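Colleague: I'm new to this one, and I'd like to know what stands behind the labels. Can you walk me through it?

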Amino acid sequence: MLHAESAFLRAGKVRDLYRIDDERLLLVASDRLSAFDVVLPTPIRDKGRVLTGLSRFWFAETAGIVANHLLGTDPADLPPALLADPGAADELRGRMMVGRLAEVLPVECVVRGYLSGSGWKEYRATGEVCGIPLPPGLRESDRLPEAIFTPAWKAPAGQHDENIHFVRVESHIGHDLAARVRDASLALYRHGVEVCGRAGIILADTKFEFGVLPSGDLILIDEVMTPDSSRFWEAAAYEPGRAQASYDKQFVRDWLEAQPWGKTAPGPELPDDVVEGTRARYVEAYERITGASFARYLGEDVIAP
């Protein structure tokens, strides 16, 4: 698809990164799916385009809260020398972003409004999440009194990310920058809750990533409030005390939890019904949140009706 020898930087769990020049980066969202920090061998058709389309929507929605890395999405804007063949542009369309190069902060900026996932497990063990005490007697999926910032340390490839206390974020990136990413994350989450709420979806929790430009400006990078980085629940079916009907990769996680698998690479192949069920949930999340047709996005590379 691309002449990668000189431009390729690295392959992430989901995205492949290419350096365009000293100021720009090409991010290509694949159809790979990661669960429990393991990239599974079975791709989810169109997943990369869902992630890119939703991220583009949210970058536009949140530009007034914090600046972001997005510069463009049109393959025609790429240097011709980067494209390996005429069909490369069609393959990239809808799944690529050109972003500003930045120093990536080594912290996963997680915000939780509800008690689920690793937060629920930690609460049951300690009554806290990332050092934040919570009221006793909370149930799985309960709404928290207020959204909380629960960061994680980015683990090397093949290892699991580690939930950490805010003081460790301060020790790694400094007091002032830590406060800035915490406050930006909480503001982004609050806006996401409002937008998703209008679509009948609960944004239970989500993860943000940030970078710092040479100027010192903080920017939002990578993906934003997608089914890969968030828990989206069906508001009409919400019932605390149990797991929730979701529009994210929890569907895959639940299937994996029932398999004889130690959550280390390689992961098991996904059956067809899990693949199609996951794709359907991702597409529905895109369409309900953006108000746009995903089929139209595939055909016309647009993110709004």
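**Helix 1 and its surroundings**

Modeller: Sure, and keep in mind that this is a predicted model. Let's start with helix 1 (residues 47–62), which lies across strand 2, strand 3, strand 6 and strand 7 (96–100). Helix 1 runs at about 45° to strand 7.

Colleague: What makes you say helix 1 is largely enclosed by the rest of the structure?

Modeller: A residue is called buried when its relative accessible area is under 20%. In helix 1, 14 of the 16 residues are buried, so the helix counts as largely enclosed.

Colleague: How do you know that the length of helix 1 agrees with what it should span?

Modeller: The expected span is 1.5 Å times one less than the number of residues. For the 16 residues of helix 1 that gives 22 Å, and the end C-alpha atoms are 22 Å apart, so the two agree.

Colleague: Why are helix 1 and helix 7 called roughly parallel?

Modeller: Helix 1 and helix 7 (residues 272–290) pack at an angle of about 20°. Angles under 35 degrees count as roughly parallel, and therefore this pair gets that label. Their axes are 10 Å apart, and the crossing is left-handed.

Colleague: Which residues of helix 1 and helix 7 meet there?

Modeller: From helix 1, they include Leu51, Leu54, Phe57 and Trp58. On the helix 7 side, Tyr282, Val283 and Tyr286 are among them.

Colleague: Now the sheet. What makes strand 1 and strand 6 edge strands?

Modeller: The sheet is open and has 5 strands in the order 1-2-3-7-6, with antiparallel pairing. Strand 1 (8–11) and strand 6 (70–72) each pair on one side only, and that makes them the edges. From one strand to the next, the twist averages 30°.

Colleague: How do you know that strand 1 and strand 2 pair?

Modeller: Pairing takes at least two bridges, and strand 1 and strand 2 have 3 bridges, in the antiparallel sense. In one of them, Ala11 has Asp16 in strand 2 as its partner. A hairpin of 3 residues joins the two strands. Strand 2 (residues 15–19) also pairs with strand 3 (residues 24–29), over 5 bridges, and Arg15 stands opposite Ala29 there.

Colleague: One last residue: why is Ser185 called buried?

Modeller: The cut-off is under 20%, and Ser185 has a relative accessible area of 0%, so it is buried. Ser185 sits in helix 5 (residues 175–198) and touches Cys109, Val111, Phe149, Phe208 and Phe210, leaving aside residues up to four places away in sequence.

Technical notes:
Residues are numbered from 1 along each chain as its sequence is written. This is a predicted model: local features need pLDDT of at least 70, side-chain atom pairs count only at pLDDT 80 or more; totals for chains, interfaces and linings use all residues. Side-chain values use heavy atoms; hydrogens and water are left out. Helices (H or I, at least four residues) and strands (E, at least two) are DSSP runs, numbered from the N terminus. Buried means under 20% relative accessible area, exposed over 50%, partly exposed in between (1.4 Å probe, protein chains only). Contact means heavy atoms within 4.5 Å. Axes are lines fitted to C-alpha atoms, for helices over the stretch in contact, and angles run from 0 to 180 degrees between N-to-C directions. Angles under 35 degrees count as roughly parallel, over 145 as roughly antiparallel, 65 to 115 as roughly perpendicular and the rest as oblique. A crossing is left-handed if the near helix is turned anticlockwise from the far one by less than a right angle, and right-handed if clockwise.
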